[in-house]
Amino acid sequence: MEDVVTTGMDMEAAYQPGGRGGHGGGRGRSMRGGGGGRGRGRGAGRRRDGPAAAGDDGHRLLKVAAGSQPKIVAGSVAHICREQRDGPVVLASGMDAINQSVKALAIARKYLIADEIDIRALVEFQSQDSTGARMQILKSGPIPLLESDELTIKRDSDPYKVAGAVAGRIREGKQVSVTALGPEPVFRAIETIAISRRYLKGNGTDVAFSPEFYDVPKEGGSVLSGLRFMLFASAF
């Protein structure tokens with residue numbers, strides 16, 4: 001399969017959202033309880049060969065930048081999930097790009113409701129000190145509503161400490177979720193999940209996440225949108 005990497009706003013030319021899932025309304029559930037071909041004009045998807053091109057395992061690649069539009073990225077993810085056996089790999093480097101990527105995955109879940117497809121993601125960083133994240137998207141059936149132990153991540157949260165708390169609860173057989181509000185806490189949440197995967201590797205356990213939006217009421221009646229990451233442990 002040809003590897004396609006899109007950068008920045010090139011995502012708009014590479015895939016347009018749509019298909020059977022369309023731009024339907026919200027997911028209508030909480031954790032508590034198509035697209036055209038590759039663009040040929042300016043900004044079209046580009047083939048990348050050699051070490052810079054990931055995807056030797058055959059997964060389609062989507063590279064998300066800080067300026068990428070989450071709804072357009074979500075359309076790309078949904079299109080690939082409908083048309084391909086495997087979900088894509090999303091690449092993002094830096095706090096803002098990772099935040100846009102996670103928002104796109106939450107939106108893509110909405111786009112895929114009518115197809116009875118849901119998605120989870122396995123995240124890892126290129127190295128311990130890197131800000132470049134690789135998210136492998138896994139297709140699944142609809143994810144049921146689950147009660148969970150919820151951990152809140154803030155700007156000053158230590159991802160290693162939170163990852164230890166996540167790993168401890170998973171070893172106890174508990175369902176866990178983490179919440180974050182804002183780009184930096186979302187980045188810390190992704191760091192936390194990646195680190196928890198390393199902590200649990202010795203137990204023969206892996207951890208995927210599935211994101212969704214949730215409302216955060218503020219004084220004066222305004223509402224902000226946060227991101228909730230439901231975590232799913234599985235043996236390997």
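The following legends accompany several close-up views of a predicted model of a protein chain.

**Figure 1. Overview of the protein chain.** The chain has 236 residues, and 51% of them are buried. Its secondary structure consists of 5 helices and 10 strands. About 11,200 Å² of the chain is exposed, and carbon and sulfur atoms supply 47% of that area.

**Figure 2. Strand β4 and its two pairing partners, β3 and β6.** Strand β4 covers residues 89-93, and 4 of its 5 residues are buried, so the strand is largely enclosed by the rest of the structure. Strand β3, residues 61-64, pairs with β4 in the parallel sense over 4 bridges. Within this pairing, Val64 has Ala92 of β4 as its bridge partner. Strand β6, residues 132-140, also pairs with β4, but in the antiparallel sense and over 5 bridges. Here Val90 stands opposite Met135 of β6.

**Figure 3. The β-α-β unit containing helix α2.** Helix α2 spans residues 70-83 and, together with strands β3 and β4, makes a β-α-β unit. The handedness of this unit is right-handed. The two strands of the unit are also paired with each other, in the parallel sense.

**Figure 4. The crossing of helices α3 and α5.** Helix α3 comprises residues 95-111, and helix α5 comprises residues 183-201. Their axes come within 9 Å and cross at roughly 80°. An angle from 65 to 115 degrees counts as roughly perpendicular, and α3 is therefore described as roughly perpendicular to α5. On the α3 side, the contact is made by Met95, Asp96, Ile98, Asn99 and Val102. On the α5 side, Pro183, Glu184, Val186, Phe187 and Ile190 take part.

**Figure 5. Two alanines of helix α4, Ala165 and Ala167.** Helix α4 covers residues 159-171 and includes Ala165. How does Ala165 count, buried or partly exposed? Its relative accessibility is 24%, so Ala165 counts as partly exposed; the class of buried residues ends under 20%. Ala165 and Leu151 are 14 residues apart in sequence, and their C-alpha atoms are 8.8 Å apart in space. Ala167 also lies in α4, yet Ala167 is buried, with a relative accessible area of 0%. Leaving aside residues up to four places away in sequence, Ala167 touches Tyr199 and Leu200. Ala167 and Val207 are 40 residues apart in sequence, with a C-alpha to C-alpha distance of 9.3 Å.

**Figure 6. The surroundings of Thr179 in strand β8.** Thr179 belongs to strand β8, which covers residues 176-180. Its relative accessible area is 2%, so Thr179 is buried. Which residues does Thr179 touch, not counting residues up to four places away in sequence? They are Glu150, Leu151, Thr152, Ile153, Tyr214, Leu227 and Arg228. One of these, Leu227, is 48 residues from Thr179 along the chain, while the C-alpha atoms of the two residues are separated by 5.7 Å.

**Figure 7. Glu116 in the loop between α3 and β5.** Glu116 lies in the loop that joins helix α3 to strand β5, the latter covering residues 118-125. This residue is exposed, with a relative accessible area of 59%. Most residues other than glycine have a negative phi. In Glu116, by contrast, phi is positive, near 55°.

**Figure 8. Asp158 in the loop between β7 and α4.** Asp158 is located in the loop between strand β7, residues 149-153, and helix α4. With a relative accessible area of 32%, Asp158 is partly exposed. Asp158 and Ala189 are 31 residues apart along the chain, and their C-alpha atoms are separated by 9.7 Å.

Definitions and conventions. Residues are numbered from 1 along each chain as its sequence is written. This is a predicted model: local features need pLDDT of at least 70, side-chain atom pairs count only at pLDDT 80 or more; totals for chains, interfaces and linings use all residues. Side-chain values use heavy atoms; hydrogens and water are left out. Buried means under 20% relative accessible area, exposed over 50%, partly exposed in between (1.4 Å probe, protein chains only). Accessible areas come from the Shrake-Rupley method with a 1.4 Å probe; for residues, only the protein chains shown count as cover. Two strands pair if DSSP finds at least two bridges between them. A crossover is right-handed if, with the strands pointing away from the viewer, the path from the first strand over the helix to the second runs clockwise. Axes are lines fitted to C-alpha atoms, for helices over the stretch in contact, and angles run from 0 to 180 degrees between N-to-C directions. Angles under 35 degrees count as roughly parallel, over 145 as roughly antiparallel, 65 to 115 as roughly perpendicular and the rest as oblique. Contact means heavy atoms within 4.5 Å.
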